[in-house]
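Dear colleague,

I am passing on the structure below, together with some notes on what was found in it. Please keep it open while you read, so that you can look up each residue as it comes.

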Amino acid sequence: MKNEPARRRLARIRCLLESIKHIEQGKSLPSALCFVPAEIEYAREDNRNQRVITIHKKPKSDAQCVGELPAVSNLQLFASGSEVFNSSGSWIKLSQKTLQRYCSGKPAKEGWILAAPYDSKHGVGTPYVKAVDGSSPSKGSRTIKSWQEAVEMCYSLRISDPPSIEKYADKEAMQQLSAPPPKWNLDADEELAKFMADHINKHEASLGNISRYVESVQVSSEEDSKDALTDGDPDTFWETDGRQGKHWIKLSMRAGTIIRQLSVTVDAKDDNYMPHHIIVMGGDSANLKQLNEVFIDTSHTGDVCILKGMTQYFSIIQIAIKECKDEGIDTRIHGIKLISESEKEPGLNQDLFTPTELIRFPKLDAVDPALLYRRAQALLRFIELLDSVLHYLLPSWNYSAGSFKDLEAIRQLLPLSKHRTLLIEKVIRESQSSSPAHMPKLFINRRSAAEHRADPTQDPDAKHSILNQLYEGLKQEKCGVKMDYRWSARYDQWWECKFLSEGIIDQGGGFRDSLADLAEELCPSSVDAPIPVPFFIRSPNQLHDSSNVNRDAYVPNPSCKQFGKYEWIGMLMGACLRSNREHLVLSLPSFVWRQLVGEKVTWSRDFMTVDSAQVKLLESLETMDKESFDTKFGGVLTYTTVLSDNTLINLVPGGADKFVDYEQRTEYIQLVRNCRMGEGKQQIEAIRRGLLKVLSQAVLDLLTWQELERRVCGDPDLAVEALKKCMHYEDITENDRRVKFLWKALENFTNDDRSRFLRFVTGRRRLPAPLYICPGRSSVQADSLPEAATCSSTLFLPEYTSAKVAEEKIRYAAYNCMAIDTDVSPWEE
């Protein structure tokens, strides 16, 4: 049929939308998405190298042996579509009739064979068995061979009822994929997606030994280091030496190899050696044609897919590196990975789901790893379905919402998408404008700005602030340039600063200093510094000693109505995201970032990052009995609430004179929530309008709030040495064994681990923040979890029997801080 591709696409979209509803509601996923064929015929992959294949009771190399497949060339073998991938390789579950035929002794209920071996360096090896193309359990009958086919069959528009897929399915395996783990919800799926995003790139194998598909590799220069492209080690690299834009890698392909996926491995730390623009050519040596063009996010580290889904053989594949970050001359490539149409891509590794790895993810820690693995497999199917239609759902470069609104509920699953990052870069690139004809030159008086910061009361309108000087100086009528901030990332200095009475020649450093000064005015890093401009105020969490979350956070000032400047701040944030280089460090809570990207905010999860005391108070009111309520709040609690800027709001007319009775507390709670959740909304909307003047709606739709924060503010780098400078010791010495264990643990921590540790002890995510180390309480047993008091930024360290135990306990505490923080709620007596 002429319209068959469109029909299949619509079927996938219908299945996608239904799956989103099921994920949001914690229901079983659609059967078609989780379809597992009941029977697939396999044959030996290499009849010349015959070997006995052991049948195991479980998909593990050390599991009980229940039989053997003989070393014969005409082996007839059937298996279910149920598969498991682990550190040994790819396993398939044998069908009952094959199991009964080859089991020794009493027939087993279940039997698995290793279909393809795997090792961490070379990836998936040559398969022992391979599915027979066009195989069918009974000739002439209609079968469904894959979940993709099941989706298209079940969700295509048709006059008759959709066909039943049950008779073709392994019902048990399908149920395992479809059903969520007990007490599962969307929050758990989001946490699982974070776990997968963090671990798949770290543990994912290379896509097969490239020598199986490539006769030879030629490079444009530096032949001696080209082996780094195929050694499977991401720490080694091929580094060019030649002219800008003239670097290439040429692969001479083995006969008959059709590429399913070709990737290169890159590292963002390579700076201007990092490839940005790649063109892939294919053909014979005399006639190459362009197959794909890719623009790589220069902040990305890991594998980047540069070619996929080929349907024909090309004898030569040439990878041309046309451009590097910051117009770098030479480039570095850390590896090439390839999957052919005849090879299976390695699946999600079941061995990732260990207690050691799950310790950073409290919502997953108590769930059966086998259930987590199946749920992860189902999510990967969902993401593959999403990727297949993602570019049809996005709005174009305009301010419309497009069709992407339907996917808002699963925003936190998007980091699993393989297509999203390149799509974001494509949308950004297509919406960029030409660079200004000349660079604006600003005259900035930092001395008067410093005097204003020291005593803002002397300049109530903040005319001498860095923010005001930049804002006024960049107006088109003053600088002669329209500043739309949608320039190419190569335009890396947006204005030139001349600092009055300072001998600085701005070649980029002054411009970056002005951005840093602006950020410091908006969200001062010191807890004691006055706030020199009125756009953001300290959140109640900064002011309450009882708070143990986001104690460094600022929120938009609900009393500030300078919406034009809020829009300008939003435009600068968008410019930082586009540049991938410049940053505006704004310490905002998730409550604000979520609204900026269009994610839904909730009271218990997100407003907790603004005013945890208010959230806890209303929670206690909900569950409080009448006697306790009358004792604590009777004749005291009125229909009022206080905003973050200390403005008193009447929740009902005359609310300050109306007391809340026990029976009315539910109404009062809802009124407070509605009022507080709406504070700062106008200001946040103004910032978002500024963002959308610089970025397409599609970019914000594709980003999570965490990614927007990271791309605007940068990654907070918490070096161990920087932490040591903030550390103070009380009743314990720096040479104490506990302190040495602490520093050993922090050295082994990732940057994210250290950020979590800092938040556990101080409630803050960035330095500077004082930290105090004290010995644990005398009543605490050895090898216990450490305790923290965020009001005093103090860590209480118990005794540990080894550095390894100390590291495990401190890391666990850092990721479970809400449960074990020693601070007491101000509402508890």
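**Two helices that cross**

In this predicted model, the axes of helix H15 (residues 590-597) and helix H20 (residues 681-694) come within 9 Å and cross at roughly 45°. An angle of that value makes H15 oblique to H20, and the crossing of the two helices is right-handed. If you wish to see where they touch, look at Val-592, Gln-595, Leu-596 and Val-597 in H15, which meet Ile-684, Ile-687, Arg-688 and Leu-691 in H20.

**The two sides of helix H9**

Please turn next to helix H9, which covers residues 446-454 and whose buried residues are Arg-446, Ser-448, Ala-449 and His-452. Why do these residues lie on the same side of H9? They do so because the arc they cover around the axis is only 160°. On the other side of H9 you will find Arg-447, Glu-451 and Ala-454, which are exposed. The N-terminal end of H9 is capped by Asn-445, which has a side-chain oxygen 3.1 Å from the backbone nitrogen of Arg-447.

**A buried asparagine**

Finally, there is Asn-541, which belongs to helix H13 (residues 540-543). Asn-541 has a relative accessibility of 0%, and since buried means under 20%, this residue counts as buried. Its side chain reaches the backbone nitrogen of Ser-612, at a distance of 2.8 Å.

With best wishes

Note on methods. Residues are numbered from 1 along each chain as its sequence is written. This is a predicted model: local features need pLDDT of at least 70, side-chain atom pairs count only at pLDDT 80 or more; totals for chains, interfaces and linings use all residues. Side-chain values use heavy atoms; hydrogens and water are left out. Buried means under 20% relative accessible area, exposed over 50%, partly exposed in between (1.4 Å probe, protein chains only). Helices (H or I, at least four residues) and strands (E, at least two) are DSSP runs, numbered from the N terminus. The arc is that of the directions from the helix axis to the C-beta atoms. A polar contact is a pair of N or O atoms within 3.5 Å; within protein, one must be able to donate a hydrogen and the other to accept it, and residues adjacent in sequence count only if both atoms are side-chain atoms. Axes are lines fitted to C-alpha atoms, for helices over the stretch in contact, and angles run from 0 to 180 degrees between N-to-C directions. Angles under 35 degrees count as roughly parallel, over 145 as roughly antiparallel, 65 to 115 as roughly perpendicular and the rest as oblique. A crossing is left-handed if the near helix is turned anticlockwise from the far one by less than a right angle, and right-handed if clockwise. Contact means heavy atoms within 4.5 Å.
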